[in-house]
Structures are given as C-alpha cells and as structure tokens.
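Reader: I've got this one open at my desk. Could you walk me through one of its helices?

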Amino acid sequence: MKLDVNVLRYLSKDDFRVLTAVEMGMRNHEIVPCELIDRIARLKHGGTYKVLKNLLKHKLVHHDSSKYDGFRLTYLGYDFLAIKTLVNRGMFNGVGRQIGVGKESDIFEVVKEDGTVLAMKLHRLGRVSFRAVKSKRDYLRHRSSYNWLYLSRLAALKEFAFMKALEEHGFPVPQAVDCNRHCVLMSLVPGYPLVQVRELQNPDVVFETIIAAVIRLAEHGLIHCDFNEFNIMIDDDEKVTMIDFPQMVSVSHPNAQMYFDRDVECIYKFFAKRYNMSFDENENDSDGLEVDINEVGRPQFSEINKNSGFLDRELAASGFTRKDQDELEKLIEGELENHSDSDDEGTADEEDEEDEEDINNTNVKQLESLNLAKEDVNHQAGDDKHDDNQQVGDEHDPEEEEEEEAESEDDPELEKSLSKQRKKAIQAAHRGKRNFASRNTYKDKGGKSSQNSKVHKQLSGW
C-alpha cells in the first residue's frame with residue numbers, strides 16, 4: 001500500500017481520536033463494532049459515523065458487515081498513528097522518498113528540523129509473499145491468537161531493542177533513535193547493500209570483517225539468522241554495517257548451530273560467486289559454489305567461546321530459557337560440578353547418620369520407659385502386700401522373696417493391674433500414636449453387628 005502522507009494535512013483531531021478508538025477496540029475485537037467505537041471516542045458533538053466515513057474514503061479503516069457492522073484498522077491507518085506520534089515528539093517533521101522494500105517492511109527517508117536525514121522502517125507483516133510468520137519468526141512466543149498489526153508491533157519492538165544493545169557493545173549497526181507501534185526510527189546508513197556492489201578494492205578485508213562480525217555476535221550470545229548480502233551495507237570506504245535484526249535468536253536455541261552455519265555459508269557462497277574468491281573448495285563440484293563446512297579455517301559453532309557477553313539473556317532472545325539463565329549464574333559464581341557432587345554426597349551421609357541416631361535414641365527411650373513402668377508396678381505391689389516386713393537397711397531372705405513371687409503369680413488382681421500398667425507404659429512409649437480403624441467399622445451403626453456385640457456384652461456380664 002502506497003504511503004501518501006499528504007492526507008495527514010487534512011486530518012483533524014477528531015479523525016485521529018476515532019482512529020485511536022478503533023485501535024483500542026482491536027485489542028479484543030477483530031472487527032470493532034460501531035457502537036463500541038462511538039463509546040471509546042466520546043466526541044463532544046457526536047459525528048463518529050461521519051468521521052468513519054471520511055477515514056474510509058482515505059482507506060485508513062476497512063468496513064466489514066458480514067457478521068455485524070464494524071471497522072478495523074488498515075496498515076495505512078496504523079502508519080498515520082505512528083507518524084503522528086513521532087511528529088508530536090519532535091523526532092522529524094517531513095517524510096521523503098521510499099528507499100527500500102522488503103518482504104516484511106518498507107523503509108522511508110524522514111527529515112528533522114535541522115535538516116538531518118533519518119531512516120524510518122515500517123514493519124508490514126502479513127504480505128502475500130511472506131505469510132508463514134508464525135513458523136518462521138518467534139514473535140508470538142506462547143500466544144495462539146494474533147493479527148498482523150500486533151505482530152508488526154512486536155517485530156518493531158524486538159528490532160529496536162537489539163539495535164540499541166548492539167550499538168552499546170560497539171557493533172557496526174545503525175543508531176536507534178525512537179520506536180512507536182510498528183515504526184522504528186534509526187540513523188541513515190551512508191552506503192549501498194552489498195548485493196548491489198559489483199567490485200571491491202579489498203574483498204579479502206571485507207570478507208574477514210563480515211566473518212568476524214558473525215563470530216563476535218555468537219561470542220555475545222546471539223545469531224543473526226539472516227546474515228546475507230541483502231542485510232549488509234557497505235559505504236565508499238568499504239565500511240561494513242549490519243541491518244535487519246528482528247529474527248535474531250540465542251546461541252542456546254535448539255537450531256542455533258544450523259542458523260550459524262547457514263549465515264557463514266551464505267557469505268562464503270556470495271564472495272565465491274561475485275568476487276571470484278577461492279576457499280579451497282572441491283574441484284569436482286559442477287557449479288564451483290559448494291563449500292565444505294568442515295573445512296579448515298571456516299568458523300565452527302562448537303569452537304566459539306560464548307562467554308564474551310550475555311546479550312541473549314539481557315534481551316530475552318528466542319531460545320534462551322530460565323534453565324539457561326540458572327546455568328549461566330552458576331558459571332558466573334564459579335561453582336564446579338565436582339565440588340557440588342562431593343558436597344551433596346557428604347550432606348546425604350550426614351543426614352543418614354542423623355536419622356539412624358534419632359531412631360536409636362527413640363528406641364532407647366521407649367525401652368527405658370517400659371522398664372521404669374514395670375519397676376513402678378512391682379514397687380507398688382510390694383508396698384501394698386509387705387509393708388510390715390520391710391525395714392530400712394535390712395536384707396530380705398531368698399526364701400521369703402520366692403514365696404512373695406509365688407503369691408503374686410497366684411493373685412489374679414495383681415496380674416490385671418500389672419497388665420494395665422504395661423499397656424499404659426506402651427502407649428506412653430509410642431508417644432500418643434493411635435491406630436485408626438477402617439471406615440467399614442462405622443458403616444453398620446445400629447445394624448446386626450452392633451446388636452450382636454450388645455448381646456455378647458450382656459452374656460459376658462451374666
């Protein structure tokens with residue numbers, strides 16, 4: 001869709017208010033009903049339907065009455081909202097020519113008040129040429145429902161964050177200025193895409209610079225995933241600049257090695273074809289462009305030191321999970337696996353020893369309590385029967401002790417009291433543990449079993 005900014009001159013505050021109302025309604029509506037637009041806009045003198053008619057004439061909204069009467073934003077209307085916001089912020093005051101078209105975005109020149117020229121990138125996901133966004137890009141994460149405007153906004157926010165972080169770490173990228181909705185404002189790179197450059201004075205130096213940038217990105221935890229001649233800018237001094245960052249992923253991504261090898265292969269193939277550079281490829285290849293990935297001198301993903309930085313963690317790049325973050329924190333603290341294993345085994349042995357000591361102590365306490373209870377019972381029985389025969393400091397005869405034991409065995413009341421004392425001691429030793437009966441014992445209250453028990457008690461009483 002062609003961006004005609006001349007329409008902006010003729011749009012009033014009410015027009016932008018209604019456009020904003022449609023945008024707010026699209027958060028939970030695919031087609032926003034006219035009544036909801038009217039309630040959100042709240043124009044002072046009414047006239048929402050008149051404003052919608054004017055916006056429809058300029059193709060800023062789309063009308064749909066298949067299920068109910070409603071409207072939705074178009075990319076042109078979303079462009080106008082983003083441009084109006086950036087103009088109000090004072091970022092620029094004029095839009096120039098279109099300088100780039102891609103499958104996911106359009107790029108325009110914009111001018112500031114002091115005459116500085118910037119680049120404005122408008123993300124336009126959902127074009128017919130590239131609709132497999134959900135499978136090719138990781139913008140949605142865990143979300144299932146989406147629309148193209150929302151996906152474009154996520155892509156712009158992600159690219160702005162990556163561009164800002166890479167600039168702070170000294171990577172050759174454009175300067176990120178501002179971002180709003182699906183629009184990213186950046187500095188204009190003086191140069192041309194590498195695909196348009198036919199000759200280079202020092203192709204070897206440019207090639208080494210580009211490969212070094214790929215390796216340095218991986219050392220900082222990121223992979224470009226689309227590093228080719230279309231996303232590399234080069235100026236008259238053969239200075240290289242990287243562009244296009246929404247699809248970047250972490251080195252912890254499951255397909256990180258495949259993406260890294262693909263980026264390297266694209267650079268090797270392009271320089272071999274365009275600038276006739278030889279990389280000791282196989283002579284049997286018919287086209288002369290196939291290059292062995294495992295060749296000596298070619299960067300390998302497994303050999304790269306990935307501890308220079310953790311930009312994937314800072315920016316929450318695709319593929320970087322919480323588990324990876326925990327592992328990185330352990331590496332930073334300097335914990336070694338051998339020490340951790342030995343510590344774990346030692347703590348486990350100590351815990352087992354402590355458990356065994358606790359069990360032994362409880363058993364000893366239970367035995368001591370049983371012995372004390374038995375001694376108390378014997379002393380009580382001896383005091384009741386033989387108070388007259390006991391004297392302080394006198395020794396008992398063995399014959400009298402045998403007679404006392406025989407009498408205690410013949411006395412049934414004494415045995416009952418001893419058994420009761422033993423039961424109490426056992427219960428105290430078990431620390432109040434109770435044996436819970438099964439639920440079936442409570443099911444037949446008042447039934448045959450309870451009646452039989454009552455009859456049994458009566459017979460035993462007789």
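Here is a short chat about helix H7 and what it packs against.

Reader: Before we zoom in, how many helices and strands does the protein have?
Author: Keep in mind that this is a predicted model. The protein has 462 residues, and 37% of them count as buried. As for its elements, the count is 14 helices and 13 strands.

Reader: OK, on to H7: how far does the helix reach from its first C-alpha to its last?
Author: H7 covers residues 203-219, which makes 17 residues. At 1.5 Å a residue you'd expect 24 Å, and the model comes close to that, with a reach of 24 Å.

Reader: Where on H7 do the buried residues sit, and why?
Author: The buried set includes Val 206, Phe 207, Ile 210, Ile 211, Val 214 and Leu 217. An α-helix has 3.6 residues a turn, so residues three or four places apart point the same way. Looking down the axis of H7, the buried residues fall within an arc of 145 degrees, so they line one face of the helix.

Reader: H8 is part of what covers them. Are H7 and H8 roughly parallel or antiparallel?
Author: Their axes come within 11 Å and cross at roughly 175 degrees. Angles over 145 count as roughly antiparallel. H7 and H8 are therefore roughly antiparallel.

Reader: And how do the residues of that contact divide into nonpolar, polar and charged?
Author: On the H7 side, Phe 207, Ile 210 and Val 214 are among those taking part, and they meet an H8 set including Phe 260, Val 264 and Phe 271. The contact divides into no charged, no polar and 12 nonpolar residues.

How values were computed: Residues numbered from 1 in each chain as written. Predicted model: local features only at pLDDT ≥ 70, side-chain atom pairs only at ≥ 80, totals over all residues. Heavy atoms only, no water. Helix = DSSP H or I, 4+ residues; strand = E, 2+ residues; numbered from the N terminus. Expected span 1.5 Å × (residues − 1). Buried < 20%, exposed > 50% of the residue type's maximum accessible area, 1.4 Å probe, protein only. Arc of directions from axis to C-beta. Contact = heavy atoms within 4.5 Å. Axes fitted to C-alpha atoms, helices over the stretch in contact; angles between N-to-C directions. Parallel < 35°, antiparallel > 145°, perpendicular 65-115°, else oblique. Nonpolar A, V, L, I, M, F, W, Y, C, P; charged D, E, K, R; others polar.
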